[in-house]
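Visitor: Hello! Could you walk me through this protein?
Guide: Gladly; let us look at it together.

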Amino acid sequence: MANSLALNLFTFDICDEILPVYISPLNYTDWKSVNLLLLNCSEISHYVAISDIHRLLGKGKNRRRLLCYNCLQTFPLSKPDASGDKNKILNNHVLNCSKSKYQNVKIPSELSDGQSQQLH
């Protein structure tokens, strides 16, 4: 275990939204997560280290929250259960979320009356 790293790779889509490209199955273990951003400019590509994924995602105030790398949503720390697990909300989410392809889910904070009718 000389290189105990869980590598995650992200890129931008055409709307400048961050999208996961590759997410390590070793996240949420004792392995250190390393996040890279792949920048593509015409024929040139470049990898950049992401020092703070929460700030890059615009969630800088959520550093005490846990991040699902598959859908880029954050979850609060839970009170430890009998086994001492503080991540049970995230762990339950990841079990289902990891079955899907990587995505960047946007959840609206408020819906107007017209928008709520469109969702039904």
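Visitor: How do the residues of the lining of the largest pocket divide into nonpolar, polar and charged?
Guide: This is a predicted model, where local features need pLDDT of at least 70, side-chain atom pairs count only at pLDDT 80 or more, and totals for chains, interfaces and linings use all residues. Residues are numbered from 1 along each chain as its sequence is written, and side-chain values use heavy atoms, with hydrogens and water left out. Ala, Val, Leu, Ile, Met, Phe, Trp, Tyr, Cys and Pro count as nonpolar, Asp, Glu, Lys and Arg as charged, and the others, Gly among them, as polar. On that basis, the lining divides into 7 nonpolar, 6 polar and 2 charged.

Visitor: Which helices and strands each supply at least two residues of that lining?
Guide: Helices (H or I, at least four residues) and strands (E, at least two) are DSSP runs, numbered from the N terminus. The lining has 15 residues, and Tyr28, Ser33, Leu66, Tyr69 and Leu90 are the ones nearest the pocket's centre. At least two lining residues each come from helix H1 (53-56), strand E5 (66-67) and helix H2 (88-97).

Visitor: What pattern does the protein follow, read along the sequence?
Guide: There are 3 helices and 6 strands to place. Writing α for a helix and β for a strand, the sequence reads β-β-β-β-α-β-β-α-α.

Visitor: Is Leu72 buried or exposed?
Guide: Leu72 sits in the loop between E5 and strand E6 (74-75). Most residues other than glycine have a negative phi. Leu72, not a glycine, has a positive phi of about 65°. Buried means under 20% relative accessible area, exposed over 50%, and partly exposed in between (1.4 Å probe, protein chains only), so Leu72, with a relative accessible area of 1%, is buried.

Visitor: And Pro25, is that buried or exposed?
Guide: Pro25 belongs to the loop between strand E2 (18-22) and strand E3 (32-41). Its relative accessibility is 66%, so Pro25 counts as exposed.

Visitor: How far apart in space are Pro25 and Ala6, C-alpha to C-alpha?
Guide: Along the sequence, Pro25 and Ala6 are 19 residues apart. In space, C-alpha to C-alpha, the distance is 7.5 Å.

Visitor: What is the relative accessible area of Phe12?
Guide: You can find Phe12 in strand E1 (residues 5-12). Phe12 is partly exposed because its relative accessible area is 35%.

Visitor: What share of the residues in the protein is buried?
Guide: We have met Leu72, which is buried. Of the 120 residues in the protein, the buried share is 28%.

Conventions
On a 1 Å grid over the protein atoms alone, a cavity is a set of points where a 1.4 Å probe fits but cannot get out, and a pocket is an open set with protein on both sides within 12 Å along at least five of seven lines; lining residues have an atom within 4 Å of a point.
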